[in-house]
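Subject: Structure handover

Hello,

Here is the structure I promised to pass on. My notes on what I found follow below.

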Amino acid sequence: MKHAHLLDDFLSFVKVNTRSNPNNDKTPSFEGEFNLAKKLKELLKELVDEVFYDDENCYVYGLLKKNTENKRCIGFNSHMDTSPEESGENVNPRVFKYEGGDIEIGNGTIIKEEDIVDFSKKLGKTFITASGDTLLGADDKAGIANIISMLRYFKEHPKESHGDIYVAFTPDEEIGQGIKYLDMEHFKIDFGFTVDGSGIGEYDDENFNAINGKIIFTGYNVHAGSAYKKMRNAVRASSYFMSLLDEKHSAEGTKNREGYIHFDAIEGDVNKVELELIIRDFTKPGLEKLNNMLEKHSSETKKKFKGIGIKLNLKDAYSNMKEIIDRFPEVSKVVEKSADNIGLVLKRTPIRGGTDGAMLSWREKIAMPNIFTGGYNFHSKKEYAVLEEMEKSVDLIIEIVKNG
Ligand SMILES: [Zn+2]
């Protein structure tokens, strides 16, 4: 259905620059995130019963109190920051009807027809893009706008029964810090959702298990001219080590449900090489297997390059939320019923990445799957949102609340 303020809300949010900064350890990583937080705080004051603003860490919470006893407390979360990969400064949104073909959005940026998912279904729909020199920020301001429209709906329809509805707008998701200071005191939910997915129907309750880390090769340097039998070359050892990984276990050689090992960055010299890497797989045994493969490659390298030290420094980053969500089968049921009620076909595709919901699922042992926003081409100047799909996302979350 139409949601009167959805577009205006969205346009006003994307104009606030909230590009997070991976090189800043502080939360929020960019001062500009406060500007959107303050705006949302004011907006929530008109829409909900309780607003809590953590003005130190830049978190905004809202609670619309229940008007019935027999419904569960449901939470919705979207992140305020945008990707560090593209500029978010002076976003100048354009709104137009899509009539097919490539879209020239300005500054030489073209969204190709072939890059538009199901483009024939999008003819005549309302597109929102940036102007070719910045990202749009539908990731995740479309999610925020959709959540706000859901709250507007219940404000305007006080007779619709609902349980406690919690919302949380968080900073720094794009740099993996989104739930760092998320305080469950202000988000007392039975289950919740991130509204941070992409195209219409997307529903994610599965994501990668993730290990991030570093491998340190230590060598021993002497003058190259007199290196015979003395030098231990960490550069050559690390290069041999990397060559042992075949393409079918690399990021660029895998898709769908396949896991991978990805070498991110490398730095060093004969004495010492630091290799950054990530390991991803949907199952824990799969992750273990990739891990063992690295161990094997490491001992093989040590055997070939005598005297070279190899240290694996690996850390769990996040885990597949499916394991937790499966403990709460009622959540899936609510979502499926809600989708049915509004004639929406759900598309479940495992996320080849992580979400704040995945991290929160594990931290709090609650179900926190992810719902589509209606945005596409995230982290790019070619990012766009489809208003009618955003409306459907609002419809779905309204329905979820009603069926909670
Ligand atoms: Zn996002």
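Lys365 comes right after helix H8 and has a positive phi, near 55°. Bear in mind that this is a predicted model. H8 itself spans residues 356-364, and Asp356, Gly357, Ala358, Met359, Leu360 and Ser361 are buried in that helix. What covers them? The cover includes five strands and a helix that you can pick out by name: strands S3 (74-79), S8 (165-170), S9 (191-197), S14 and S15 (370-372), and helix H6 (322-325).

Now the sheet. It is open, has 7 strands and shows mixed pairing. The order is S1-S2-S8-S3-S9-S15-S10. Which strands stand at the edges? They are S1 (50-54) and S10 (203-204). Each has a single partner strand, so one side of each is left without a neighbour in the sheet.

Start from the S1 end. S1 runs antiparallel to S2 (residues 59-64), and 5 bridges join the two. Tyr53 has Val60 in S2 as its bridge partner. S2 in turn is joined to S8 by 5 bridges, and that pair is antiparallel as well. There, Gly62 stands opposite Val167 of S8. S8 then pairs with S3 in the parallel sense, over 6 bridges. Ile74 stands opposite Ile165 of S8.

S8 deserves a closer look. It is mostly covered, with 6 of its 6 residues buried. In a regular strand the side chains alternate between the two faces of the sheet. Ile165, Val167 and Phe169 point one way from S8. Tyr166, Ala168 and Thr170 point the other way. Both sets are buried.

Another set of pairings involves S11 (residues 209-218). S11 pairs with S13 (residues 272-281) over 10 bridges, in the antiparallel sense. Asn212 stands opposite Ile278 of S13. S11 also pairs with S14 (residues 309-318), again antiparallel, over 9 bridges. Here Phe217 has Ile310 of S14 as its bridge partner. S14 is also among the elements that cover the buried residues of H8.

Next, a helix pair. The axes of H3 (residues 138-156) and H9 come within 9 Å and cross at roughly 50°. H3 and H9 are therefore oblique to each other. The crossing is right-handed. By class, the contact has 10 nonpolar and 3 polar residues, and no charged ones. On the H3 side you will find Ala142, Ala145, Asn146, Ile147, Ser149, Met150 and Tyr153. They meet Met390, Ser393, Val394, Ile397, Ile398 and Val401 of H9.

Last, Gly404. It lies in the segment after H9 (387-403). Is Gly404 buried or exposed? It counts as buried, because it has 22 C-beta neighbours inside 10 Å, and the cut-off for buried is 20 or more. Leaving out residues up to four places away in sequence, Gly404 touches Lys71, Arg72, Ile74, His162, Gly163 and Val334. Ile74 has come up already, as the residue opposite Ile165 of S8. Ile279 is another matter: it is 125 residues from Gly404 along the chain, and their C-alpha atoms are separated by 37 Å.

Over to you.

Best wishes

Definitions and conventions. Residues numbered from 1 in each chain as written. Predicted model: local features only at pLDDT ≥ 70, side-chain atom pairs only at ≥ 80, totals over all residues. Pairing = 2+ DSSP bridges. Helix = DSSP H or I, 4+ residues; strand = E, 2+ residues; numbered from the N terminus. Buried ≥ 20, exposed ≤ 12 C-beta atoms within 10 Å, placed from the backbone. Contact = placed C-beta atoms within 7 Å. Axes fitted to C-alpha atoms, helices over the stretch in contact; angles between N-to-C directions. Parallel < 35°, antiparallel > 145°, perpendicular 65-115°, else oblique. Left-handed = near helix turned anticlockwise from the far one by under 90°. Nonpolar A, V, L, I, M, F, W, Y, C, P; charged D, E, K, R; others polar.
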